[in-house]
Every structure is written in C-alpha cells, then in structure tokens.
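Biologist: I'm new to this one. Can you show me what you have, and let me ask how the labels were chosen?

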Amino acid sequence: MSLSVETVTTTPYEGQKPGTSGLRKKVKVFTQKNYTENFVQCILDANGAALNGSTLVVGGDGRYYCKEAAELIIRICAANGVSKLLVGQNGILSTPAVSSLIRHNNALGGIVLTASHNPGGPENDFGIKFNCENGGPAPDAFTNNIHQLSTVIKQYKLVPTLQIDIGKVGVSSFDVAGKSFVVEVIDSVANYVRHMEEIFDFAKLRDFVSGKATGKPLKMRIDSMNGVTGAYVREIFLNRLGASEASVVHTTPLPDFGGLHPDPNLTYAKDLVETVAKGDYDIGAAFDGDGDRNMIIGSKAFFVTPSDSLAVIAHYLEAIPYFQKNGVQGFARSMPTASAVDLVGQKLGKEVFEVPTGWKYFGNLMDAGRLCLCGEESFGTGSNHIREKDGIWAVLAWISVMQHTGKSIEDILKQHWSVYGRNYFTRYDYEECALEPCNEMMATMEKSITAAGFVGKTFASGGKSYKVKEADNFSYTDPVDKSVATKQGLRIVFDDGSRIVMRLSGTGSSGATVRLYIDSYEKDNVLGQASVMLKPLIDIALEISALPKFTGRNAPTVIT
C-alpha cells in the first residue's frame, strides 16, 4: 500500500537560529505546535537537490523528547524524498557514533537530537543539529541557510500514517507516493565499537586493564552520568577490555539524566571526583549527555585540564596504532583553549591551528589532510577518525598512554610539564546572565582593548606583572576555503604567552552565559597550586572587563 504525503501550512517562529552546535531551547519550546516540524523541514530544504534519494542518520542522547522527535523526523524525511534512514535503536546514538555512521555509510548527513551537556527533562533543554556528509557539524553557511529558511517557511511535509517501532532492530520498507523509503533501525553501539577496535590495540589494552601484563588490574571509575554513553562504556570497558562491573556507574540513559547535570567537569561530576579522591582508583572519567565530552582525573582525583589532556595525547600519539598507520599531521585547538598543545607542535615540527569555538572549524582542516588531533577547553578532545569530539576515544587514548609509559596520570603530567612548562588554566562561567548588560560589557571591553596604547601596557597583581603583546576580537580565516568568522571572543595575549579570553557562549538555551578564560604560563614553577598561580591574572581580567559591575555577579556559577 502506498502511503500519502500531507502538506501542512505553517508560520515561522522567531529565534530558530542554530548556535555553536545546533538549535537548543527548552523542551516546552520544541513541543509547541509545528516548532520541531518547521526546523526539521528547514534542515532538509537547506540540503537542496542533494536530499532526493539520500541516506541520513538519525539519533540522539536519549534525553526527554528524543524518541518522539526521532519518530517525527522519520515521517518528515519520508515525505521529502529521502531514500533511507539509519536510526539508532530507541532513537539513541552518541554524537561520535553519528559521525562515524555518516562516514562509514557515505550518508548525506545526520540529524542529531541533543543539547549536549545541558540538563535534560521536561522542564529543561532539548536540541537538534545537522551534521553534514563529512560527519561534522554543518558549517556556518549551511546553518545560516537553515535560519534564513526558518524565517519564511510556509509549509512542511510529512507522512502522518507512517508507523514504525524504533525500539526494535530491523529493516522496514515503505512505498511513499510511489517511491521506496527504507528505515533501518540499528544497534546503537556496534559500528562505533568496531571503529574503536580499528584505532586502538584492544588486545594490548585488555592485558593492561585486566592486569595480565602488569600483575595489577587498572582500577577505573567510568561515569556515564546517565547519558548516552552507558551502552558504549559497558561494551568496550567491560566486555572488550575486561574491566569489572564495579568500574562503571550511571550507565542507563535516562530522559532527565537521573537529575544529574550531564556536564563532565569538577562541579557537575562531583560524585566521580569525591569517589576517586579516596585513592582507590588509577583513573576516573566522565562523559556528557551525548558522549562527545570527557573529563579525565588520576588517582586521588588529580585533575587533568582539557588543555593539558590534548597536549599529552599529542606528545604520545605513537602509543596509538591508528597514528602509527596513518601518520601525524597538524594539531589544533579552539581559541579559548590554553596553548599547551602549541608547544608540543613546535617541538614535533607540526602545524598548529587556532580556530573559533565550535567543532565545525576543525573539519575543513581534517578533510584537507592538515589536522589529525584537536581539542577544546570545554572538555572536548578528538582526532580525524571522525569529525566530532569523542569522549570514549579520549579515555581509550589516555589508557593507551598509561600502558605505553607505565606511569600514573599524575606522573605523566609532571613529566610533561618538566619538558614543556605548564599552562595553568581555568574557566569561569557566569550562567543565565541578563543579555543586554553582557552585550554592553563586551562592547565596552572591546573598545578598551583595541584602543591605541593598550598594546604594550603592563598590568600587575599579586607580585606578578604582565605586558600586553596583542589584543583583539578574534577573527579566523579558514586556510582551506578562505571563509571568515569574526567576533569570536575578546583576547588579550601577554609577552610570556599568558592570555585572558572572554566570550559569550552560544550553547545556552536562555539568557547569556559569560565565559572568562585564564591561561597563565609558567616555564619553571610547574608544581604550584593552580588557584594560587592563577589568581593574579584572574584579578587583572576582572579589572579590565569590569565583569562584576556589568553582570552583578561576585562569583561564577561554575569554575573549571
């Protein structure tokens, strides 16, 4: 029986402009009449003629409204000329898994249902983003097109009678207005696990984790924070690497993440930090809701900053078979990320790129063969095996480094600092601030730091002094396609390599989130207490920005 397509008249919603990584709003916004339908139709329309006969991947982090949205997307895709959908069982796929599936299946792209590290549940956040054919987040030109289409949309199409049980793995074929439409509900984990087996030496890691190679099992605490990574963690760390059941926690994806805030940092992964701090574990790790972010801690909760994590992995890429086989190209980091990896790149003679915040900026460099490893200070690390950051990949990379060196995480870091010096780093987040004063603050600060005479000026605090080398509102010209991204954050760079960065985040669902980043470099004094070492530059940053005055906040919401 042929299913018929229905065309529904609609009107635009304001504010359907994708941010750094898709559109994120409260659930109650997405569940308004035609809101999700409008945005999905605009995603499909933005693909133009390429959509007809295409294959798309659909899945998300399991948060509230994820399954319902996935079923709705199937009905809309069926009406718009898509030939095949690969859908994660129950609508669940990690963001790295979506990227891997797009690449392995030569798909046109993927619709990812996630608000990443934002809280979940009926009163919290939902999100939709589109990843393009290289597996990475859609570039600015594409998302700008989605937004433009959303302002003039008049109708969307769907097949209202199409019913499918996405809780059951299998292939379903339909006749939609005389055209074939196939939905393959896939095991959410299988493809990704095979991919990891191609990158890492699982046999060697199993001997290390189980203790067969060392006589002492690796004591791990892996926390999925009730997000999407649970099934991936169980299959890889328990079934493939032989870790004990007690090594993993919070591995059942829940619509509200069990009340946890699925952001893997020292504040929101408090349970992990407190547990590992007791000294019973060699490594602790946590992931965000959709599995692309990671936090690594060593014994007694020795914290590895994301900036240091990137630099250490860069130094030890020889420990990972994928890089032994494919070679090492350049490195990259987002502009706010501490410049620790720059020093590794210099030592190894590799290109190092500084890009705006947002993983999409790494994709062109990877596709051009100029980049193999990259990261962001917001707990994202990844390589050119896909076009997304990848939390589980990062933990496997760290275990590979531990196996390769025979050292603890703390000793690996101390050795690294003794060679390269240390970038003491912190990020202050001021969440849900009033937008207008924040915009005024940014405009005032930009005017100040770009004024004549600011470069060369010296600031002093706590017995330390810093001379300004350059200051700007960061802009980036893509070396591959020459596209330009402007106004990406205010940046002050000092003579010694220390930096102050301030930007408004594009990943919140309401208000403004101010992010203040402090990167204080020390060549020799590498074993100091981070909070003490950072205080002089923090005080200078608050003075220059007048942040307490504009936001009315005397302290950040989160410190990482």
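Modeller: Here is a short talk about how some helices, strands and rings got their labels, and bear in mind that this is a predicted model.

Biologist: Let's begin with two helices. Why is α2 called oblique to α3?

Modeller: Helix α2 (residues 35-46) and helix α3 (residues 66-79) have axes that come within 10 Å and cross at roughly 45 degrees. Angles under 35 degrees count as roughly parallel and 65 to 115 as roughly perpendicular. The angle here fits neither range, so α2 is oblique to α3. The crossing of α2 past α3 is right-handed.

Biologist: Which residues make that contact?

Modeller: From α2 you have Thr36, Glu37, Val40, Gln41 and Leu44, and from α3 Leu72, Ile73, Ile76 and Cys77. Sorted by class, the contact of α2 with α3 has six nonpolar, two polar and one charged residues.

Biologist: And what makes α7 roughly perpendicular to α14?

Modeller: Helix α7 (residues 202-210) packs against helix α14 (residues 391-405) at about 70 degrees, with the axes 10 Å apart. The range for roughly perpendicular is 65 to 115 degrees, so α7 and α14 earn that label. On the α7 side are Phe202, Lys204, Leu205, Phe208 and Val209, which meet Leu396, Ile399, Ser400, Met402 and Gln403 in α14. That contact has seven nonpolar, two polar and one charged residues.

Biologist: Now the open sheet of four strands: how do you know which strands stand at the edges?

Modeller: Read the order, β17-β16-β18-β19, where the pairing is mixed. β17 (352-355) and β19 (380-383) each have a single partner strand, so one side of each lacks a neighbour in the sheet. On average, neighbouring strands of this sheet are turned by 15 degrees against each other, direction ignored.

Biologist: What makes β16 and β18 a pair?

Modeller: Two strands pair if there are at least two bridges between them. Strand β16 (residues 330-334) and strand β18 (residues 371-376) run parallel and are joined by four bridges, so they pass that test. Ala332, for instance, has Cys374 in β18 as its bridge partner. Helix α12 (residues 340-348) packs on the sheet too, touching β16 and β17.

Biologist: Last one, on rings. Why is the pair of Phe130 and Phe142 called stacked?

Modeller: The ring centres are 5.2 Å apart and the planes are at 10 degrees. Centres within 6.5 Å make a pair, and planes under 30 degrees apart count as stacked, so Phe130 and Phe142 are a stacked pair. Phe130 lies in strand β7 (residues 125-131) and Phe142 in helix α5 (residues 140-150), so the pair ties together parts 12 residues apart in sequence.

How values were computed. Residues numbered from 1 in each chain as written. Predicted model: local features only at pLDDT ≥ 70, side-chain atom pairs only at ≥ 80, totals over all residues. Heavy atoms only, no water. Axes fitted to C-alpha atoms, helices over the stretch in contact; angles between N-to-C directions. Parallel < 35°, antiparallel > 145°, perpendicular 65-115°, else oblique. Left-handed = near helix turned anticlockwise from the far one by under 90°. Contact = heavy atoms within 4.5 Å. Nonpolar A, V, L, I, M, F, W, Y, C, P; charged D, E, K, R; others polar. Phe/Tyr/Trp six-rings, centres within 6.5 Å; stacked < 30°, edge-to-face > 60°.
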